[in-house]
Amino acid sequence: MANETTDVLIVGTGFGGSIPGYYLAAGGASVIMLERGPRFSSADFMQSLQVGTFSRFVDSIAGTGIDVTAGNCVGGSSVVYYAASLRAPSFIFERRGTLGRRLWPASITRDSLDKWYRRAEEALPVSELSWNDVPYAGGVFAAACTRAGHTCQPVPVAVDLTLCTNCNWMHTGCIFDAKRSMLLNYIPAAEASGAQIRPLCEVQSIQPAQTAGYRYAVSYQQVDPNNYSNYVGSGVIEAKIVIIAAGTMGTPVILQRSAQRLGGMPSAVGRYFSANGDRVTVAAFDDDKVQSLLGLQRAPGVGYEAFPIGKPIAAMTFDYLNPSAPEFSRFGLQQIYFPPIVNLIIGVDGTPSWFGVAKRDLTSQWRSWMTILAMTEDANEGVFGAPPEFGNFKRIGPASVGQLTYNTAPETTYGFDLSDAASRSIMTLDGLATLNLVTSTNRVQCAHPLASCRMGDDPETSALDDSHELRGHPGIFVTDGSSVPTSLCVNPSLTIAALAERASSILLKRAHEYGVEVKEVKSLPQS
Amino acid sequence: MRVVLVPISPVDLGVGGSIEPVPISTEEPFGSAFFYRVAEMRVMKRSEIDRIIEREDERLAGSTAIAVRITRRSLLKRVALLAAAWTIGPWQIGVPSALGQELNTLDVTATIEAFADTLIPGQKRFPGDRAIAGVVSGAGAVQAGAIEMLNFVGFEEVLPLLAVGLDALAVLYAAGHSIALDPTVPPFVALDFNSRTALLVEVLDESALTRSTFYGIAALCFVAYNTAGYLPTAVAISEGHPGLAAIGFPAPNSDGIWRFPEFSYERILARPHPHSKSGNPA
């Protein structure tokens, strides 16, 4: 029986898959998008921390030395992200890392990417927050920065402020459709143009096509919706263009598994992973000091005690993003909400450092907590091992174990230490708060995986050229977070979206080289 | 997956010591305990385990007995079975029948409760409550449903294994610290709170061989207390879940949905970075 065929096969439906999916479908190509996770909408999401609810569409993947959180559903991580939508600072694009030469392609700078940032901001769309939109936690963060002599500003967010209830449940999927995920813009626009989205189809590998006129055959397994470890069917689709956007944790695994059948793979596939330099700490505020030192009261006698209220990210200081400072010393410092499922990892002074009476006492102040996320410049030290037989990682009951090893480099540790010191200097000034580190584990806690199949100009240290095309494999493009060459010092989603916008423009121009005729598409998805 | 049962000395248990196999014939004050490496494992045949245990019994014959509820032979067998069974995959196995027959539910529950109470302490539920040490007032992980949480994720079948492991470690700890254990309760329960804490600091240390086995269970105790993860959150709050109450997790609106109409100080609280534009860094 002949294989199913399509012009364009896209693996993954997050930012990196949905955006080219829209443009290529709107341009007239036949597009099939395979998503390993289920398809949910706001009607399916629940404000609940019950195990087994949110874990239907979020994976926590344990590697060696690192824990990574990633989306697993139609819409990808856009369904569970915190919607902070920031452009990366200019110096990021000039980073040289530990290799001593520019890591980003010469053709990509902040200036050159700005027009694609603008398109992504308009399409999502992104809202600028006024101080009236900044929740209490962001307010306390800002006031603490001010008192310590720092600047701070509201963070742009992809949120419809007219629909937002400040419920602080973005991590379980927005039930109000206020958060602007791919489910509300690019995906419906792609489908309106004829793209087919097939959930619960987990791509395993790519090989040369057998059908004349088609370049690649993509093999997938159909996933049991009630047990993602079970496969209930399989299929093969042949395509003229293949776009891999399975996420930073998925893309390199699929490509590694395909290496033999495709006749080799660039050595940078599965190397140079970046955790975006994510570093988490917790400030626990003395509420009297919030009132006396910061002059804040949200109710009579109550200064803050509002950790669970609001949008999860709303304020950030750029004071540590000095472009002339040495590499690995710069970081963005941001107020963020972590649900209490992560209370486990937060530490206290003394022994035991993360459980016992003192930890229980700290937890009793949970409403006075504020999680702080530093996004530093890491050294791209993550490496993927050999892929498992199936899937992107091994599911073992409620846990997932991946092949990623992240041995924190001295340069990364340096950035962690500097950001910890910065948080401490701001938050503990005059006893305003205590600063608590993650102590239950030495593993890096990463919500922003990047760079496992990165772009660059150097074939030795990059898997993709500056058009996102996989070196040595014409017609295979990678457009997700794995293509981002370095950590960004800001939340990555807008940069991934902007790069996908840029890549889509390239794909529309070059599709004919692969036998796919498309028209130019300038319009943004209408939502 | 293969299992190798590695005999190591008691002092190596949980403190990141050598995991090199120690010859069975080494002269140790208490004898070798069998432990395991999760990686590169080879399942030992039951006959092999029995043969090693017999040799241990012979070697230790005549040594000073320590007042423990379980014999050395039983201890060794239990730890060996735990190791062999655990490495197959805690979510994919039942309790080996030989082990299950040795345990009763009460012992298992008390040991696991004592473990949970060491992580997030609570007050005693009734006079004479031995599992809960009672070092604080108010609810701890046990009252917050640690056992319910472990059962919810399907751990009920492996709790006996975990209890056996904890009790074996408690016996070794007691031996190493010259602590006489009350034989009427499981060994871990027989330890006082400070000893339980000291033992778990070792057991849960990131470099400890025991870490991978017990950290997941510890995490679920935290999930029980901090999130009531075995219940829909709104239901847990309506039922007065003590952990959510203790951390101050807010209640939803009357329809079970969270919304916060009051959420902002509505004040300008900082000046922006001079080079920022539209909320973005330069």
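## Close-up views of the chain A and chain B model

**E4(A) and its salt-bridge partner.** With a relative accessible area of 32%, E4(A) is partly exposed. Please keep in mind, here and in the views that follow, that this is a predicted model. The partner in this view is R198(A), which counts as buried at a relative accessible area of 19%, under the 20% cut-off. E4(A) and R198(A) form a salt bridge whose closest N and O atoms lie 2.5 Å apart. This pair ties together distant parts of the chain: E4(A) belongs to strand β1 (residues 4-11) of chain A and R198(A) to strand β6 (residues 196-198) of chain A, with their positions 194 residues apart. For context, the whole structure holds 24 salt bridges over all chains.

**E377(A) and R330(A) meet in a salt bridge between two loops of chain A.** The N to O distance for this pair is 2.7 Å. Again distant parts of the chain are linked: E377(A) sits in the loop between β13 (369-376) and β14 (382-384) of chain A, while R330(A) sits in the loop between β11 (315-317) and β12 (331-336) of chain A, 47 residues away. Are these two residues buried or exposed? Both E377(A) and R330(A) are buried.

**D114(A) pairs with R87(A) in a salt bridge.** Here the closest N and O atoms are 2.9 Å apart. D114(A) comes from helix α2 of chain A, and R87(A) from the loop between β4 (66-71) and α2 of chain A; the two are 27 residues apart and represent distant parts of the chain. D114(A) and R87(A) are each buried. As a reminder, side chains of opposite charge can pair when their charged atoms come close.

**Cysteines of chain A without a disulfide.** A friendly caution for anyone drawing bonds here: the count of disulfides over all chains is zero. Why does C152(A) not bond to C145(A)? The closest cysteine sulfur to that of C152(A) belongs to C145(A), and at 4.5 Å this sulfur is too far for a bond, because a disulfide requires sulfur atoms within 2.5 Å. C152(A) itself is buried, at 0% relative accessible area. Another cysteine to look up is C73(A), which counts as buried because its relative accessibility is 1%, under the 20% cut-off.

**The contact between chain A and chain B.** Chain A brings 75 residues to this contact and chain B brings 64 residues. About 5400 Å² is buried between chain A and chain B, and carbon and sulfur atoms account for 62% of that area. Three residues are worth labelling: W131(A), F355(A) and R360(A) together supply 13% of the area that chain A buries against chain B, more than any other three residues. No salt bridges are found across the interface of chain A and chain B. Polar contacts do occur, with 29 residue pairs counted between chain A and chain B.

**The side of chain A that touches chain B.** Which elements give two or more residues to this side? They are α2 (110-123), α3 (136-147), β5 (153-154) and α7 (357-363) of chain A. α3(A) gives the most, with six residues. By class, the residues on this side of chain A comprise 37 nonpolar, 26 polar and 12 charged.

**The loop between α8 (193-203) and α9 (211-227) of chain B.** Two residues of this loop make a handy comparison: S207(B) and T210(B). S207(B) is partly exposed, at 48% relative accessible area, whereas T210(B) counts as buried at 1% relative accessibility. The side chain of S207(B) makes a polar contact of 2.5 Å with the side chain of D205(B). T210(B) reaches with its side chain to the backbone oxygen of V203(B), at 2.8 Å.

**Chain B as the setting for that loop.** Chain B contains 11 helices and two strands. Along the sequence their order is β-β-α-α-α-α-α-α-α-α-α-α-α. What share of the 282 residues of chain B counts as buried? The share is 55%. When contacts in chain B between residues at least 6 apart in sequence are taken together, 62% of them join residues at least 24 apart.

Notes:
Residues are numbered from 1 along each chain as its sequence is written. Chains are lettered from A and ligands numbered from 1 in the order in which they are written. This is a predicted model: local features need pLDDT of at least 70, side-chain atom pairs count only at pLDDT 80 or more; totals for chains, interfaces and linings use all residues. Side-chain values use heavy atoms; hydrogens and water are left out. Contact means heavy atoms within 4.5 Å. Buried area is the accessible area (1.4 Å probe) that two parts lose on being put together, summed over both. A salt bridge is a side-chain nitrogen of Lys or Arg within 4 Å of a carboxyl oxygen of Asp or Glu. A polar contact is a pair of N or O atoms within 3.5 Å; within protein, one must be able to donate a hydrogen and the other to accept it, and residues adjacent in sequence count only if both atoms are side-chain atoms. Helices (H or I, at least four residues) and strands (E, at least two) are DSSP runs, numbered from the N terminus. Ala, Val, Leu, Ile, Met, Phe, Trp, Tyr, Cys and Pro count as nonpolar, Asp, Glu, Lys and Arg as charged, and the others, Gly among them, as polar. Buried means under 20% relative accessible area, exposed over 50%, partly exposed in between (1.4 Å probe, protein chains only).
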